[in-house]
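Colleague: Could you take me closely through one part of this model, and then show me how the rest is laid out around it? I would like a connected account that I can follow with the structure open.

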Amino acid sequence: MHYDALVIGGGVVGASVAYHLVRGGARTLLIDRDDAGRATSAGAGILAPETSSRSSDAWFAFAVPAVDYYPTLINDLAADGAGDTGYAVCGQLEVAVSEDEVEPYAEARQIIFARQQQRGTPAPEDLHEVSSAEARQLFPPLADVRGALFYRHAARVDGRLLAAALRQAAVTRGLEVRAASVERLAVQNDTVTGAVVDGTTITADAVAIAGGAWSAAFGAQLGVHIPVEPQRGQIIHLDLP
């Protein structure tokens with residue numbers, strides 16, 4: 001079987017690639033083994049690059065327009081009859097609570113406001129420092145804080161819901177999905193021509209690797225380093241009356 005495009009991995013990145021491919025008219029196959037613990041299922045879904053201080057300028061320049069695209073994407077998915085994505089503009093507080101958080105907060109604050117001043121956006125009324133009392137007013141369970149800034153337009157999304165919505169909308173537009181594991185890439189004359197799945201070679205004009213932390217194996221086959229690796233984080237969900 002031959003396709004215009006083959007997407008390996010059905011997390012939020014792979015589902016998005018597949019959705020946009022079929023929207024563009026490409027005959028596309030998505031192969032996904034739905035691994036437990038993938039980032040799509042575990043990520044917090046925070047959409048606020050303007051408050052990121054740990055990322056490179058190149059990432060920042062990419063992330064801002066990517067997040068700006070979300071309202072268009074959500075509207076397109078709704079028009080395609082996709083399900084809920086969990087997308088919402090909810091605002092974000094960045095805080096320093098304990099003494100050991102004061103210095104990292106000050107460093108982050110400097111980077112965030114320097115970017116804001118350089119770009120002339122977000123507007124000061126949308127991204128600014130708030131007092132401890134104002135922070136508690138925004139989020140009542142919060143203790144007294146030593147520093148806080150608030151970004152009004154920060155948004156969030158549920159990765160699992162978004163990936164499912166992207167896949168559903170893509171299938172409606174003709175995407176084919178196979179629950180399987182890709183054994184290896186098919187390569188001829190130094191060109192990737194498809195993938196081997198369950199002993200069968202599936203060919204395609206283009207192959208997108210969206211395997212997240214599992215992508216390194218494909219990079220090794222091609223002799224390139226794919227700089228994606230696992231990262232551990234902790235998320236606490238609070239149910240408040």
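What percentage of the contacts in the protein with a separation of 6 or more comes from residues 24 or more positions apart? With that as background, please look closely at helix α7 and tell me which of its residues are buried.

Modeller: Please keep in mind throughout that this is a predicted model. To take your first point, residues 24 or more positions apart account for 67% of the contacts in the protein with a separation of 6 or more. The protein has 241 residues, of which 36% count as buried, and its secondary structure comes to eight helices and twelve strands. The C-alpha trace spans about 65 × 40 × 35 Å along its principal axes.

Helix α7 is made up of 14 residues, 159-172, and the distance from its first C-alpha to its last is 20 Å, close to the 20 Å expected at 1.5 Å a residue. Its buried residues are Gly159, Leu162, Ala163, Ala165, Leu166, Ala169 and Ala170. These buried positions cover an arc of only 160° around the axis, and they therefore lie on the same side of α7. Arg160 and Thr172, on the other side of the helix, are exposed. As for what the buried residues of α7 meet, they pack against three other helices, α1 (12-23), α2 (39-42) and α4 (70-79).

Both ends of α7 have a local feature that you can find in the structure. At the N-terminal end, Asp158 acts as a cap, with a side-chain oxygen 3.0 Å from the backbone nitrogen of Arg160. Just after the helix, Gly174 takes a positive phi of about 115°.

One residue of α7 also leads to a buried aspartate elsewhere in the chain. Asp32 is placed in strand β2, residues 28-32, and Arg167 is among the residues that Asp32 touches, along with Gly9, Gly10, Arg38, Arg178, Ala179 and Ala180, when residues up to four places away in sequence are not counted. Because its relative accessible area is 9%, under the 20% limit, Asp32 counts as buried. Its side chain is joined to that of Arg38 by a polar contact of 3.1 Å.

A second aspartate makes a useful contrast. Asp144 sits in the loop between α6 (132-138) and β7, and it is exposed, with a relative accessible area of 55%. Apart from its neighbours within four places in sequence, Asp144 is in contact with Val97, Ser132 and Arg136, and its side chain makes a polar contact of 2.4 Å with the side chain of Arg136. The C-alpha atom of Asp144 is separated by 33 Å from that of Thr40, which is 104 residues away along the chain.

Strand β7 brings us to a sheet. β5, β7 and β6 form an open sheet of three strands in the order β5-β7-β6, with antiparallel pairing. The edges are held by β5 (92-96) and β6 (127-129), each having a single partner strand, so one side of each is left without a neighbour in the sheet. On average, and with direction ignored, neighbouring strands of this sheet are turned by 15° against each other. Between β5 and β7 (residues 147-151) there are five bridges, and Glu94 has Leu149 of β7 as its bridge partner. Helix α5 (residues 102-119) lies across β5, β6 and β7, and it runs at about 145° to β6.

Helix α3 can be read in the manner used for α7. Its twelve residues, 57-68, should span 16 Å at 1.5 Å a residue, and its end C-alpha atoms are 17 Å apart, which agrees. Phe60, Ala63, Val64 and Val67 are buried in α3; since they cover an arc of only 105° around the axis, they fall on the same side of the helix. Ala58, Ala61 and Phe62 are exposed on the other side. The buried residues of α3 pack against β3, α4 and α5, and α4 is also one of the helices met by the buried residues of α7.

Strand β3, finally, belongs to another open sheet of three strands, ordered β3-β8-β4 with antiparallel pairing. In β4, Ala88 stands opposite Arg156 of β8, and two bridges join these antiparallel strands.

Definitions and conventions:
Residues numbered from 1 in each chain as written. Predicted model: local features only at pLDDT ≥ 70, side-chain atom pairs only at ≥ 80, totals over all residues. Heavy atoms only, no water. Helix = DSSP H or I, 4+ residues; strand = E, 2+ residues; numbered from the N terminus. Expected span 1.5 Å × (residues − 1). Buried < 20%, exposed > 50% of the residue type's maximum accessible area, 1.4 Å probe, protein only. Arc of directions from axis to C-beta. Contact = heavy atoms within 4.5 Å. Polar contact = N/O pair within 3.5 Å; in protein donor to acceptor, adjacent residues only side chain to side chain. Pairing = 2+ DSSP bridges. Axes fitted to C-alpha atoms, helices over the stretch in contact; angles between N-to-C directions.
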